[in-house]
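Here are my notes on the model you sent, set out as numbered points. Please read them with the structure open.

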Amino acid sequence: CLRRLLPHDVTVPTGFETAGTIVHLNLRDEHEPWKKVIASVLLDKLPQIETVVNKTGETGGPYRTFAMEVLAGAGGDGPLETTVSENGSVYTMDFRGMYWNSRLGTERKRLVDSFRADDVVLDLCCGVGPIALPASKKCTAVYANDLNPDSARYLRHNAAANGVAERVRISELDARYFVRTLLGPGTGGAAA
């Protein structure tokens, strides 16, 4: 469809990420005049999608977020709340206000699958919980931390929604301070 709508010298974008009802694009400069057309086609052809966004800045800052523009659908400048199912858990999040990468789902599953029942897991930058929550279903203890207060708020919601609220200890600290707090002074960085 895009091949028919875009000029022959414009590359048809072939890759995008989905997070629940949101499509996330990383369009090139050549797409600028056509970005609304591209977004409209995606919105039309993908029935589960309600919003199409385009990344307009680098990922960074203390919360690892990036500037984005809404090209089609709901959103405006406010929160872009969506729900994602991954590896047996459900996560509600504000896609604009926190870091999420759906392509890491396989790696997160591989990591959680490597945990043993007697493990204690420290998830230093846990986001909305895609490692911490599944780990809490199989490990002795899970300590989940994220500096972003919005991520921590959604993590609390997600822990309750997934029935593991009592199994996850949640903090909103700088990761270095979080580790020092858990391990205590004079431990040399190793758990006793």
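1. The protein carries 22 positive and 23 negative side chains, and the centres of the two sets lie 4 Å apart. Lys and Arg are counted as positive and Asp and Glu as negative, with His and the chain ends not counted; each charge is placed at NZ of Lys, CZ of Arg, CG of Asp or CD of Glu.

2. This is a predicted model, in which local features need pLDDT of at least 70 and side-chain atom pairs count only at pLDDT 80 or more, while totals for chains, interfaces and linings use all residues. Residues are numbered from 1 along each chain as its sequence is written, and side-chain values use heavy atoms, with hydrogens and water left out.

3. Of the 192 residues of the protein, 41% count as buried, meaning under 20% relative accessible area with a 1.4 Å probe, protein chains only.

4. The largest nonpolar core (buried Ala, Val, Leu, Ile, Met, Phe, Trp, Tyr and Cys residues joined through side-chain atoms within 4.5 Å) has 30 residues, and those with the most contacts inside it are F95 and W100. Among the elements that each supply at least two of its residues are strand 6 (89-94) and helix 5 (149-161), where helices (H or I, at least four residues) and strands (E, at least two) are DSSP runs numbered from the N terminus. Apart from this core lies another, of 15 residues, including V23 and I49.

5. Leaving aside neighbours within four places in sequence, F95 is in contact (heavy atoms within 4.5 Å) with residues including A19, H24, F66 and W100.

Conventions:
Buried < 20%, exposed > 50% of the residue type's maximum accessible area, 1.4 Å probe, protein only.
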